[in-house]
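Open the model in your viewer and keep the selection panel handy. We will go from place to place, picking residues as we go.

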Amino acid sequence: PKTNIVFLKVHKSASSTVMNILFRFGETHNLTFAFPQGGGFQLYYPHHFLARFVQGFSPLSPRRFNILCHHMRFLQPEVQKVVPSSAVYFSILRNPVQLMESSFVYYKGASAFSRVRSLEQFLSQPYRYYNPASGDRHYARNLMTFDFGFNPDGDVSPERVQLMLKAIEASFDFLLISEYFDESMVLLKEMLCWDLDSVVSFPLNIRDSSTKSPLPDSVVEKLKAWNRLDWEIYSHFNRTFWERIDRDIGRERMQREVKALRERQAELARTCLQGTGSVAPKDIKDSSLRPLQHGGARILGYNLKQGLGQELERTCRRLVTPELQYSSLLYKKQFPPPPP
(Lines give C-alpha, C1' and ligand atoms only; values in the text may rest on other atoms or scores of the structure.)
Protein backbone atom coordinates (compact mmCIF):
# COMPACT_ATOMS: atom_id res chain seq x y z
CA PRO A 1 0.00 0.00 0.00
CA LYS A 2 1.12 3.54 -0.80
CA THR A 3 1.75 5.57 2.35
CA ASN A 4 3.04 8.91 1.03
CA ILE A 5 0.13 11.03 -0.06
CA VAL A 6 -0.78 14.60 -0.96
CA PHE A 7 -4.49 15.27 -1.01
CA LEU A 8 -5.58 18.72 -2.15
CA LYS A 9 -8.70 19.26 -0.07
CA VAL A 10 -10.98 21.27 -2.35
CA HIS A 11 -13.76 23.09 -0.49
CA LYS A 12 -17.34 21.72 -0.44
CA SER A 13 -16.53 18.61 -2.50
CA ALA A 14 -16.94 15.69 -0.07
CA SER A 15 -13.31 16.31 0.87
CA SER A 16 -13.98 16.03 4.62
CA THR A 17 -15.10 12.44 4.05
CA VAL A 18 -11.91 11.71 2.08
CA MET A 19 -9.90 13.34 4.87
CA ASN A 20 -11.47 10.98 7.40
CA ILE A 21 -10.31 8.06 5.24
CA LEU A 22 -6.76 9.46 5.22
CA PHE A 23 -6.83 10.15 8.96
CA ARG A 24 -7.92 6.57 9.70
CA PHE A 25 -5.36 5.04 7.35
CA GLY A 26 -2.58 7.23 8.74
CA GLU A 27 -3.50 6.43 12.32
CA THR A 28 -3.75 2.69 11.66
CA HIS A 29 -0.34 2.62 9.95
CA ASN A 30 1.39 5.05 12.31
CA LEU A 31 2.07 7.59 9.57
CA THR A 32 3.01 11.23 10.11
CA PHE A 33 0.84 14.16 9.01
CA ALA A 34 1.95 17.59 7.82
CA PHE A 35 -0.08 19.56 10.38
CA PRO A 36 -0.53 23.32 10.32
CA GLN A 37 1.72 25.15 12.82
CA GLY A 38 0.28 25.05 16.32
CA GLY A 39 -2.28 22.42 15.42
CA GLY A 40 -4.65 24.63 13.43
CA PHE A 41 -6.94 23.24 10.75
CA GLN A 42 -5.80 25.11 7.65
CA LEU A 43 -2.35 25.69 6.22
CA TYR A 44 -2.68 29.49 6.26
CA TYR A 45 -5.38 29.27 3.63
CA PRO A 46 -6.13 31.37 1.50
CA HIS A 47 -2.39 32.12 1.09
CA HIS A 48 -0.43 29.90 -1.28
CA PHE A 49 1.07 26.99 0.64
CA LEU A 50 4.57 27.39 2.06
CA ALA A 51 6.59 24.60 3.67
CA ARG A 52 7.14 26.70 6.79
CA PHE A 53 3.39 26.56 7.52
CA VAL A 54 3.92 22.93 8.60
CA GLN A 55 4.60 22.10 12.25
CA GLY A 56 8.01 20.47 12.62
CA PHE A 57 9.29 21.52 9.20
CA SER A 58 12.77 23.00 9.13
CA PRO A 59 14.72 23.90 5.99
CA LEU A 60 17.83 22.56 7.76
CA SER A 61 16.53 19.07 8.46
CA PRO A 62 15.17 17.06 5.55
CA ARG A 63 12.27 15.67 7.60
CA ARG A 64 9.41 14.52 5.40
CA PHE A 65 5.80 13.77 6.34
CA ASN A 66 3.72 10.92 4.97
CA ILE A 67 0.39 12.66 4.48
CA LEU A 68 -0.45 16.26 3.59
CA CYS A 69 -4.22 16.75 3.53
CA HIS A 70 -5.28 19.91 5.39
CA HIS A 71 -6.83 22.83 3.52
CA MET A 72 -4.23 24.69 1.50
CA ARG A 73 -3.86 26.67 -1.67
CA PHE A 74 -1.69 24.44 -3.82
CA LEU A 75 1.89 25.39 -4.66
CA GLN A 76 3.84 22.33 -5.72
CA PRO A 77 7.47 23.47 -5.24
CA GLU A 78 6.67 24.17 -1.58
CA VAL A 79 4.65 20.98 -1.15
CA GLN A 80 7.62 18.98 -2.44
CA LYS A 81 9.72 20.23 0.49
CA VAL A 82 7.52 18.48 3.07
CA VAL A 83 6.60 15.13 1.45
CA PRO A 84 8.76 12.35 -0.02
CA SER A 85 9.36 12.49 -3.76
CA SER A 86 7.42 9.22 -4.12
CA ALA A 87 4.18 10.82 -2.86
CA VAL A 88 0.96 10.22 -4.79
CA TYR A 89 -0.95 13.46 -5.50
CA PHE A 90 -4.72 13.48 -5.84
CA SER A 91 -7.76 15.69 -5.29
CA ILE A 92 -11.55 15.62 -5.65
CA LEU A 93 -13.80 17.83 -7.78
CA ARG A 94 -17.49 18.68 -7.70
CA ASN A 95 -19.90 20.04 -10.27
CA PRO A 96 -19.35 23.84 -9.99
CA VAL A 97 -23.09 24.52 -10.04
CA GLN A 98 -23.73 22.50 -6.86
CA LEU A 99 -20.40 23.65 -5.46
CA MET A 100 -21.37 27.30 -5.67
CA GLU A 101 -24.85 26.65 -4.30
CA SER A 102 -23.23 24.95 -1.30
CA SER A 103 -20.62 27.68 -0.96
CA PHE A 104 -23.35 30.34 -0.97
CA VAL A 105 -25.08 28.74 2.02
CA TYR A 106 -21.90 27.81 3.86
CA TYR A 107 -20.00 31.07 3.32
CA LYS A 108 -22.98 33.42 3.63
CA GLY A 109 -20.73 35.80 5.58
CA ALA A 110 -18.30 36.23 2.67
CA SER A 111 -18.21 39.80 1.40
CA ALA A 112 -19.65 38.93 -2.03
CA PHE A 113 -22.66 37.11 -0.51
CA SER A 114 -23.40 39.11 2.62
CA ARG A 115 -25.62 41.72 0.92
CA VAL A 116 -27.74 39.40 -1.24
CA ARG A 117 -30.77 37.32 -0.35
CA SER A 118 -30.28 34.64 -2.98
CA LEU A 119 -27.86 33.24 -5.50
CA GLU A 120 -30.19 34.53 -8.25
CA GLN A 121 -29.83 38.05 -6.92
CA PHE A 122 -26.04 37.72 -6.83
CA LEU A 123 -25.87 36.36 -10.39
CA SER A 124 -28.17 39.07 -11.78
CA GLN A 125 -25.37 41.65 -11.23
CA PRO A 126 -22.35 39.80 -9.82
CA TYR A 127 -19.94 42.72 -10.13
CA ARG A 128 -22.20 44.83 -7.97
CA TYR A 129 -21.44 42.50 -5.03
CA TYR A 130 -18.19 40.83 -6.05
CA ASN A 131 -14.92 42.64 -5.56
CA PRO A 132 -11.88 40.94 -7.19
CA ALA A 133 -9.65 42.73 -4.64
CA SER A 134 -11.35 41.38 -1.51
CA GLY A 135 -9.51 38.75 0.51
CA ASP A 136 -12.41 36.29 0.52
CA ARG A 137 -13.43 36.65 -3.15
CA HIS A 138 -12.56 33.01 -3.92
CA TYR A 139 -15.60 31.71 -2.03
CA ALA A 140 -17.77 33.39 -4.65
CA ARG A 141 -16.02 32.50 -7.88
CA ASN A 142 -14.05 29.56 -9.31
CA LEU A 143 -13.29 28.13 -5.89
CA MET A 144 -11.66 24.98 -7.29
CA THR A 145 -9.46 27.03 -9.62
CA PHE A 146 -8.36 29.05 -6.60
CA ASP A 147 -7.62 25.98 -4.43
CA PHE A 148 -5.46 24.54 -7.24
CA GLY A 149 -3.40 27.72 -7.01
CA PHE A 150 -4.69 29.66 -10.04
CA ASN A 151 -6.33 33.05 -10.42
CA PRO A 152 -10.14 32.76 -10.06
CA ASP A 153 -10.54 35.94 -12.14
CA GLY A 154 -8.14 34.68 -14.80
CA ASP A 155 -8.44 34.72 -18.55
CA VAL A 156 -10.87 32.09 -19.92
CA SER A 157 -9.38 31.87 -23.42
CA PRO A 158 -8.94 28.30 -24.74
CA GLU A 159 -5.14 28.69 -24.62
CA ARG A 160 -5.11 29.72 -20.95
CA VAL A 161 -7.57 27.00 -20.02
CA GLN A 162 -5.40 24.37 -21.75
CA LEU A 163 -2.33 25.60 -19.87
CA MET A 164 -4.18 25.32 -16.56
CA LEU A 165 -5.46 21.80 -17.30
CA LYS A 166 -1.97 20.70 -18.38
CA ALA A 167 -0.47 22.13 -15.19
CA ILE A 168 -2.99 20.23 -13.04
CA GLU A 169 -2.31 17.02 -14.98
CA ALA A 170 1.41 17.49 -14.52
CA SER A 171 1.05 17.85 -10.73
CA PHE A 172 -1.69 15.33 -9.89
CA ASP A 173 -1.75 11.57 -10.43
CA PHE A 174 -5.55 11.45 -10.50
CA LEU A 175 -8.65 13.46 -9.63
CA LEU A 176 -11.79 12.01 -8.10
CA ILE A 177 -15.34 13.20 -8.75
CA SER A 178 -17.62 13.72 -5.76
CA GLU A 179 -20.83 12.99 -7.71
CA TYR A 180 -19.42 9.47 -8.24
CA PHE A 181 -18.12 9.09 -4.73
CA ASP A 182 -18.26 5.29 -4.50
CA GLU A 183 -16.61 4.85 -7.90
CA SER A 184 -14.00 7.38 -6.76
CA MET A 185 -13.28 5.33 -3.64
CA VAL A 186 -12.81 2.18 -5.74
CA LEU A 187 -10.39 4.10 -7.97
CA LEU A 188 -8.58 5.46 -4.90
CA LYS A 189 -8.23 1.95 -3.46
CA GLU A 190 -6.89 0.77 -6.81
CA MET A 191 -4.37 3.61 -7.22
CA LEU A 192 -3.06 3.34 -3.65
CA CYS A 193 -3.17 -0.48 -3.41
CA TRP A 194 -5.37 -0.29 -0.29
CA ASP A 195 -7.98 -2.76 0.93
CA LEU A 196 -11.75 -2.24 0.92
CA ASP A 197 -12.08 -1.34 4.61
CA SER A 198 -9.56 1.48 4.19
CA VAL A 199 -11.89 3.35 1.82
CA VAL A 200 -15.19 2.66 3.57
CA SER A 201 -16.74 5.84 5.00
CA PHE A 202 -19.87 7.56 6.25
CA PRO A 203 -20.58 10.97 4.67
CA LEU A 204 -19.14 13.74 6.88
CA ASN A 205 -19.70 17.50 6.97
CA ILE A 206 -22.90 17.17 4.94
CA ARG A 207 -25.77 19.56 5.40
CA ASP A 208 -29.39 19.00 6.08
CA SER A 209 -31.42 18.96 2.84
CA SER A 210 -33.86 21.54 4.23
CA THR A 211 -31.42 24.28 3.19
CA LYS A 212 -31.05 22.92 -0.35
CA SER A 213 -33.28 24.12 -3.16
CA PRO A 214 -33.19 23.23 -6.87
CA LEU A 215 -31.91 25.99 -9.13
CA PRO A 216 -33.79 27.15 -12.24
CA ASP A 217 -32.07 26.42 -15.59
CA SER A 218 -31.41 30.11 -16.25
CA VAL A 219 -29.46 30.31 -12.98
CA VAL A 220 -27.53 27.12 -13.78
CA GLU A 221 -26.32 28.62 -17.08
CA LYS A 222 -25.28 31.85 -15.34
CA LEU A 223 -23.45 29.83 -12.69
CA LYS A 224 -21.50 27.91 -15.31
CA ALA A 225 -20.56 31.12 -17.09
CA TRP A 226 -19.56 32.88 -13.84
CA ASN A 227 -17.48 29.85 -12.79
CA ARG A 228 -16.17 29.17 -16.26
CA LEU A 229 -12.68 28.08 -15.16
CA ASP A 230 -14.11 25.65 -12.62
CA TRP A 231 -16.48 24.33 -15.27
CA GLU A 232 -13.55 23.69 -17.62
CA ILE A 233 -11.61 21.84 -14.90
CA TYR A 234 -14.62 19.77 -13.92
CA SER A 235 -15.67 18.84 -17.47
CA HIS A 236 -12.15 17.81 -18.42
CA PHE A 237 -11.42 15.68 -15.36
CA ASN A 238 -14.89 14.16 -15.26
CA ARG A 239 -14.09 12.81 -18.72
CA THR A 240 -10.59 11.56 -17.87
CA PHE A 241 -11.98 9.95 -14.68
CA TRP A 242 -14.14 7.60 -16.76
CA GLU A 243 -11.35 7.03 -19.29
CA ARG A 244 -9.12 5.90 -16.45
CA ILE A 245 -11.80 3.59 -15.05
CA ASP A 246 -12.30 2.02 -18.48
CA ARG A 247 -8.55 1.59 -18.88
CA ASP A 248 -7.56 0.40 -15.39
CA ILE A 249 -10.64 -1.28 -13.94
CA GLY A 250 -13.37 -1.76 -16.52
CA ARG A 251 -17.07 -1.01 -15.98
CA GLU A 252 -18.08 -4.52 -14.98
CA ARG A 253 -15.47 -4.87 -12.30
CA MET A 254 -16.25 -1.32 -11.17
CA GLN A 255 -19.90 -2.30 -10.65
CA ARG A 256 -18.87 -5.31 -8.58
CA GLU A 257 -16.46 -3.28 -6.47
CA VAL A 258 -19.01 -0.50 -5.86
CA LYS A 259 -21.56 -3.11 -4.80
CA ALA A 260 -19.06 -4.65 -2.35
CA LEU A 261 -18.21 -1.20 -0.98
CA ARG A 262 -21.88 -0.28 -0.45
CA GLU A 263 -22.61 -3.60 1.20
CA ARG A 264 -19.71 -3.15 3.60
CA GLN A 265 -20.83 0.40 4.39
CA ALA A 266 -24.38 -0.76 5.06
CA GLU A 267 -23.07 -3.50 7.32
CA LEU A 268 -20.97 -1.02 9.29
CA ALA A 269 -23.91 1.39 9.54
CA ARG A 270 -26.05 -1.39 11.03
CA THR A 271 -23.24 -2.33 13.41
CA CYS A 272 -22.18 1.16 14.49
CA LEU A 273 -25.02 3.62 14.22
CA GLN A 274 -28.15 4.30 16.16
CA GLY A 275 -31.10 4.74 13.82
CA THR A 276 -30.69 4.79 10.07
CA GLY A 277 -27.97 7.39 9.60
CA SER A 278 -27.13 11.04 10.09
CA VAL A 279 -29.00 13.25 12.54
CA ALA A 280 -29.41 16.99 13.17
CA PRO A 281 -26.73 18.64 15.35
CA LYS A 282 -29.12 19.06 18.29
CA ASP A 283 -29.80 15.30 18.29
CA ILE A 284 -26.15 14.24 18.58
CA LYS A 285 -25.82 12.91 22.12
CA ASP A 286 -22.03 12.75 22.34
CA SER A 287 -20.75 16.33 22.11
CA SER A 288 -17.30 15.11 20.97
CA LEU A 289 -18.98 13.85 17.78
CA ARG A 290 -20.76 17.13 17.01
CA PRO A 291 -19.46 18.76 13.81
CA LEU A 292 -18.66 22.47 13.59
CA GLN A 293 -21.68 24.45 12.39
CA HIS A 294 -20.94 27.11 9.80
CA GLY A 295 -22.82 29.84 7.92
CA GLY A 296 -26.42 29.06 7.08
CA ALA A 297 -25.86 25.31 6.79
CA ARG A 298 -26.95 22.72 9.34
CA ILE A 299 -24.18 20.14 9.42
CA LEU A 300 -25.34 16.64 10.29
CA GLY A 301 -23.59 14.05 12.43
CA TYR A 302 -24.09 10.59 13.94
CA ASN A 303 -24.94 8.73 17.14
CA LEU A 304 -23.10 5.51 17.93
CA LYS A 305 -24.82 2.46 19.34
CA GLN A 306 -24.36 1.87 23.04
CA GLY A 307 -22.59 -1.21 24.38
CA LEU A 308 -20.20 -1.86 21.48
CA GLY A 309 -17.08 -3.85 22.38
CA GLN A 310 -13.91 -1.82 22.90
CA GLU A 311 -12.30 -2.60 19.53
CA LEU A 312 -15.53 -2.16 17.59
CA GLU A 313 -16.39 1.05 19.43
CA ARG A 314 -13.00 2.45 18.39
CA THR A 315 -13.54 1.51 14.74
CA CYS A 316 -17.04 2.97 14.70
CA ARG A 317 -16.05 6.15 16.53
CA ARG A 318 -13.25 6.85 14.05
CA LEU A 319 -15.70 6.58 11.15
CA VAL A 320 -17.95 9.32 12.56
CA THR A 321 -15.45 11.63 14.27
CA PRO A 322 -15.73 15.08 12.63
CA GLU A 323 -12.68 16.49 10.91
CA LEU A 324 -11.66 19.10 13.49
CA GLN A 325 -11.89 16.72 16.46
CA TYR A 326 -10.03 13.97 14.60
CA SER A 327 -7.32 16.38 13.45
CA SER A 328 -6.77 17.63 17.02
CA LEU A 329 -6.55 14.08 18.31
CA LEU A 330 -3.93 13.07 15.77
CA TYR A 331 -2.00 16.30 16.30
CA LYS A 332 -1.72 15.59 20.06
CA LYS A 333 -0.56 12.07 19.27
CA GLN A 334 2.15 13.29 16.88
CA PHE A 335 3.19 16.28 19.02
CA PRO A 336 2.44 15.25 22.61
CA PRO A 337 2.20 18.24 24.95
CA PRO A 338 5.10 18.33 27.46
CA PRO A 339 4.15 16.78 30.80
CA PRO A 340 3.24 19.40 33.42
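In what order do the four strands of the open sheet run? Before you trace them, note that this is a predicted model. Now show the strands: the order is 2-1-3-4, and the pairing is parallel. Colour residues 67-68, which are strand 2, and residues 174-177, which are strand 4; these are the edge strands, each pairing on one side only.

Stay at strand 4 and add its partner, strand 3, by selecting residues 88-93. The two run parallel to each other, with four bridges between them. For a close look at this pair, pick I92: the residue standing opposite, in strand 4, is L176.

**Into the core**

Next, show side chains and select L68 and F122. Within the largest nonpolar core, a set of 111 residues, these two have the most contacts. Then highlight residues 228-248, which form helix 10: this helix provides the largest share of the core, seven residues.

Centre the view on F122 and ask which residues it touches, leaving aside those up to four places away in sequence. The list to select is M100, A112, F113, V116, Y129, Y130, A140 and W226.

**The largest pocket**

Turn on a surface and go to K12, S16, L204, N205 and I206. Among the 48 residues lining the largest pocket, these lie nearest its centre. The space inside comes to about 1,000 Å³. To see which elements give two or more residues to this lining, select helix 1 (15-28), helix 3 (96-106), helix 8 (181-192) and helix 13 (323-334). Helix 3 gives the most, with five residues. Colour the lining by class and you should find 22 nonpolar, 17 polar and nine charged residues.

**The second largest pocket**

For the last stop, select R24, T28, D197, T315 and R318. They are the closest to the centre of the second largest pocket, out of 16 residues that line it. Its volume is about 390 Å³. Helix 1 appears again here, along with helix 11 (251-272) and helix 12 (310-320), as an element giving two or more residues to the lining. Leave helix 12 highlighted, as the largest share, five residues, comes from there.

How does this lining divide by class? Apply the class colours once again: there are five nonpolar, three polar and eight charged residues.

How values were computed:
Residues numbered from 1 in each chain as written. Predicted model: local features only at pLDDT ≥ 70, side-chain atom pairs only at ≥ 80, totals over all residues. Heavy atoms only, no water. Core = buried A, V, L, I, M, F, W, Y, C linked by side-chain atoms within 4.5 Å. Buried < 20%, exposed > 50% of the residue type's maximum accessible area, 1.4 Å probe, protein only. Contact = heavy atoms within 4.5 Å. 1 Å grid on protein atoms, 1.4 Å probe; cavity = no way out; pocket = protein on both sides within 12 Å on 5 of 7 lines; lining within 4 Å. Points joined across faces, edges and corners; volume = space filled by probe spheres on them. Nonpolar A, V, L, I, M, F, W, Y, C, P; charged D, E, K, R; others polar. Pairing = 2+ DSSP bridges.
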